There are 2 protein chains.
Amino acid sequence: MPEFNNERTSPVELSPDDFRKAGYKVVDRIASFLDSLPSKPVSPEITRDELQKIIGIQSLPNRGESTEKILEQAADLLFKYTTFNGHPKFWGYITSSAAPIGALGDLLAASVNPNVGAWNLSPVATEIEAQTIRWIAEMIGYRTDCGGLMVSGGNMANFIGFLTARKAKAKWDIRKEGLAGSKAHSLLVYASKETHTWIQKAVDLFGLGTDSIRWISVDEKQKILIDELESKIKADKENGQHPFMVVGNAGTVSTGAIDPLNKMYEICKENDLWLHVDGAYGAFAAAIPDAPDDLKALKFADSIALDPHKWLYVPLEAGCILVQNPSFLIDAFSYHPAYYNFITEEEGSSINYYEFGFQNSRGFRALKVWLSLKQAGVDGYKKMIADDINLSKHLYKILDSNPNLEVLSQSLSITTFRFIPPDIDANSNKVSSYLNDLNEKLLHQLNEGGEAFVSNAVIEEKFVLRACIVNFRTTIEDIEMLPELVTEIGIEIDSKIRPVDLKSNK
Amino acid sequence: MPEFNNERTSPVELSPDDFRKAGYKVVDRIASFLDSLPSKPVSPEITRDELQKIIGIQSLPNRGESTEKILEQAADLLFKYTTFNGHPKFWGYITSSAAPIGALGDLLAASVNPNVGAWNLSPVATEIEAQTIRWIAEMIGYRTDCGGLMVSGGNMANFIGFLTARKAKAKWDIRKEGLAGSKAHSLLVYASKETHTWIQKAVDLFGLGTDSIRWISVDEKQKILIDELESKIKADKENGQHPFMVVGNAGTVSTGAIDPLNKMYEICKENDLWLHVDGAYGAFAAAIPDAPDDLKALKFADSIALDPHKWLYVPLEAGCILVQNPSFLIDAFSYHPAYYNFITEEEGSSINYYEFGFQNSRGFRALKVWLSLKQAGVDGYKKMIADDINLSKHLYKILDSNPNLEVLSQSLSITTFRFIPPDIDANSNKVSSYLNDLNEKLLHQLNEGGEAFVSNAVIEEKFVLRACIVNFRTTIEDIEMLPELVTEIGIEIDSKIRPVDLKSNK
């Protein structure tokens, strides 16, 4: 038996004073970072090789280093070699700038480290998560006694919606028998072609296979075609298949299109199908007074995925799933290990979040959402979301008035557009392919330049640039530089790469 | 078109000065919390009703509140109504105390908010995650060119191992056809009865159903019976079934048992099966010099799940999956949405973590692990892990020397035991059931008292108390109070609840 000292020394321990000292330093560094952010390049210009040389591909260190030194190094690296989604000119993907209070929330959560898997491990954290979920539901007009869970992001939220639907609609003991219990490959899900790849991942990972997706076409606004949806469901039912779920999009990832959720709900009701809405991006826009009618129909959905780390501007990771009837969520996910012995109160009054999703141990990601909602209030969020949308509309206008740019869509806070050299006929086949190539190169050069950051979409085989403003730091001045910047880069690249036979077809 | 001011006001924005002010306050509060932690009750004594009254079940607030006030309130609530796994006397479940530098890492990560889904969104964060994964592999003797990913915890890590195995071993196009493509319900997984519930969740969620688990019995040390494993695989193959995966435990959740991984590897090699090891708890103990041989066999596993938020003492959430051959991981998880347009360098040199797992957007949970590994060095970790194990062995000794306590197991840093009143015959049936009841009540009263916190296990139908020391703050003095405390409470409850017909059977 080894000898012990009463005082154990643990190299990861920090005394309260050392923690305070290190904490102040990190806070100072972050404050300076926030101050300098608008003047930094949005993204670093560096290759993987260069960066690896800077970090150094070392072996696992044997000895520890000073806390201060390590934190300084981490701050130096992060403040330099990151693509800053908190920058006022970051409009790529759907990654929002992060509310600073959210970072302080994460600090507090990680310091106390509640395990929000079970009530008695984290009484107050569990209750705050439950309150946060009620607030989110209230904000988008959903019933506040719904089931819900904070998760890592949109994929996981959608996966939970999918699995809850599958369990609710499978008419056999799917837990025990698996999909084989259906005796035929028949569980079918319906989604528009604009649906995010989570749906392919879901059917693959959860064992249905991509054959089980019925892809429905979209109209010119990238919204699902209701007639096609209805007729495909009908045909499948007549063929003895088992449709179980329809996916509606509340803000498609490419263009922010909102599917006709009202009509989809009618179809689902008629056919006993689960309506899941992927509102990861757009659902929070249901809170603003002039939200589209179809966003107001969110309340009919059986489940909704939505991402506080998008339009509530909290730091990664914070996704959320809401399920109208909480018991379906528990049906799909609850297991009781023998070693879990949580004091259960009166039936129905306990809440142990490990029963609601994939995870057992869970961090307290709800805290940053709760703090941000309290800090801004729902009025504050309505304003910020409406500002983002109005900026996107303004961007549409100024892009559209530029003769070298074609604007393809504007919905929610997403605007898509592309550069077309003035002396070219955009409608010939050869030119179409050239324009795709040109705009792809333009995108890379634009992003590498560090003056602004956008991403892309593919709309009717056209490669387009896509600015998605989920950024409370973006002002009108920030976006007004974009048309000229894009045009400049476009003209430059065009002058270098245009094939001889495409010269001046006009 | 709305009017804009050039200066947008966003209620979630904080000026650098306000951030500094708020940040200092939070740091101060945490420093005081760390200082007072050992003198706090380990867990709060409060009911759900009381707590809800304190928090208040309010509606979503319309107006925002002051940042300072909100953070004060959050700190007040969290420092009071939480079960503190950072307390020196917390030995429940397998939830470790959290290294303070980890919380500062989360603060830094959330402030910069890199999206570690793709290299060009988070160059330095991606490289730090890659380095962290190499370090973790190196620490446990695994190949450092393995594939790997940081995830939320043990369940997700095990799920990824499971799905990677399934894709690698399915001989048809499972992505497209799903499980139905196997033409028979035949994919089978083998695991000991002591395996964590993740395995039931996995087969359920991923569509195989619990019928696809072959439960293998364990010996008296809760290790899988190799002969039974081998003969079941043989019988299933002869019956035309499709065994694909064997699960080994490197630290079972109940007693810390380590399965005979060396022998399991031989069986897997012979039968072309995937060996996945659930080392969520125990894998890091492979780093210590006198690690059991079977832990050293981790290097043979096709995949390993392990939790830095357990024995690397980082705050929740930090799980990790390692896969020997990285291409299997990508095969199982990579999808390329049209709107993802990441600059790919030379084949094989790029790394976009969205291709490795469930998530697309990902936070920077690797940072806290990287910081902690640098702070303590692997030597520091070897010491802390060995100290935990030695404390657990010492606990075994002092429990065993107490005549009112029966000690059932000691492995890694888990000790299991129960209270047996001195005047009772533990071997009669009636008494067995009474002892279970008695020890369950004892557990609740112990934990509610706030002097220490343990959880439970069920071993051969005996309800036992279980102390798992994954706590760099625990000293010998902390554990030496446990036998007496348990005995005191046991005697008190026994005197109140023992049925008349069980009185003094000795």
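Start with both chains shown and switch on polar contacts across the boundary: in this predicted model, 88 residue pairs are in polar contact between chain B and chain A, counting those where both partners have pLDDT 80 or more. To see where chain B offers its surface, select helix α14 of chain B, residues 366-400. This helix supplies 22 residues, the largest share of the side of chain B that touches chain A. Now colour that whole side by residue class: you should find 93 nonpolar, 56 polar and 34 charged residues.

**The interface as a whole**

Next, select everything on one chain that touches the other. You will pick up 183 residues of chain B in contact with 183 residues of chain A. Compare the two selections: 100% of the interface residues of chain B are also interface residues in chain A, so the copies meet through the same surface. If you run a surface calculation, the area buried between the two chains comes to about 16,500 Å², with carbon and sulfur atoms giving 62% of that.

**The axis**

Time to superpose. A turn of 180° with a shift of 0.0 Å along the axis lays chain B on chain A, with an RMSD of 0.0 Å. The two copies are thus related as by a two-fold rotation axis. Which residue should you centre on to look at the axis from chain B? Choose B:F206, whose C-alpha is the nearest to the axis in chain B, 2.0 Å from it.

**Charged pairs**

Side chains of opposite charge can pair when their charged atoms come close. How many salt bridges run between chain B and chain A? The count is 18, while the structure holds 62 over all chains. For an example across the boundary, show the side chains of B:R175 and A:D204, which meet in a salt bridge at 2.9 Å, N to O.

For an example inside a chain, move to helix α1 of chain A, residues 16-36, and pick A:D17 and A:R20. Their closest N and O atoms are 3.0 Å apart, forming a salt bridge. Along the helix the two residues are three apart, about one turn.

**An aromatic pair between chains**

There are 37 aromatic pairs over all chains to browse. Stop at A:F358 and B:F159: the ring centres are 6.0 Å apart and the planes stand at 70°, so this pair is edge-to-face. Trace each partner back to its backbone. A:F358 sits in the loop between α13 (326-333) and α14 (366-400) of chain A, and B:F159 in helix α6 (residues 154-169) of chain B, so the pair joins two chains.

**Backbone stops**

Finish with the backbone geometry. Which residue does a cis peptide bond join to A:L316? The partner is A:E317, and omega is about 0°. You will find A:E317 in the loop between α12 (308-311) and β8 (319-323) of chain A. Jump to chain B, where a cis peptide bond joins B:L316 and B:E317, again with omega about 0°. There, B:E317 lies in the loop between α12 (308-311) and β8 (319-323) of chain B.

The last selection is A:Q222, in the loop between β4 (213-216) and α9 (226-238) of chain A. Check its backbone torsions: phi is positive, about 65°, although A:Q222 is not a glycine.

Terms used. Residues are numbered from 1 along each chain as its sequence is written. Chains are lettered from A and ligands numbered from 1 in the order in which they are written. Side-chain values use heavy atoms; hydrogens and water are left out. Copies are superposed by least squares on the C-alpha atoms of residues with pLDDT of at least 70 in both. Contact means heavy atoms within 4.5 Å. Buried area is the accessible area (1.4 Å probe) that two parts lose on being put together, summed over both. A salt bridge is a side-chain nitrogen of Lys or Arg within 4 Å of a carboxyl oxygen of Asp or Glu. A polar contact is a pair of N or O atoms within 3.5 Å; within protein, one must be able to donate a hydrogen and the other to accept it, and residues adjacent in sequence count only if both atoms are side-chain atoms. Helices (H or I, at least four residues) and strands (E, at least two) are DSSP runs, numbered from the N terminus. Ala, Val, Leu, Ile, Met, Phe, Trp, Tyr, Cys and Pro count as nonpolar, Asp, Glu, Lys and Arg as charged, and the others, Gly among them, as polar. Rings of Phe, Tyr and Trp (its six-membered ring) pair if their centres lie within 6.5 Å; planes under 30 degrees apart count as stacked, over 60 as edge-to-face and the rest as tilted.
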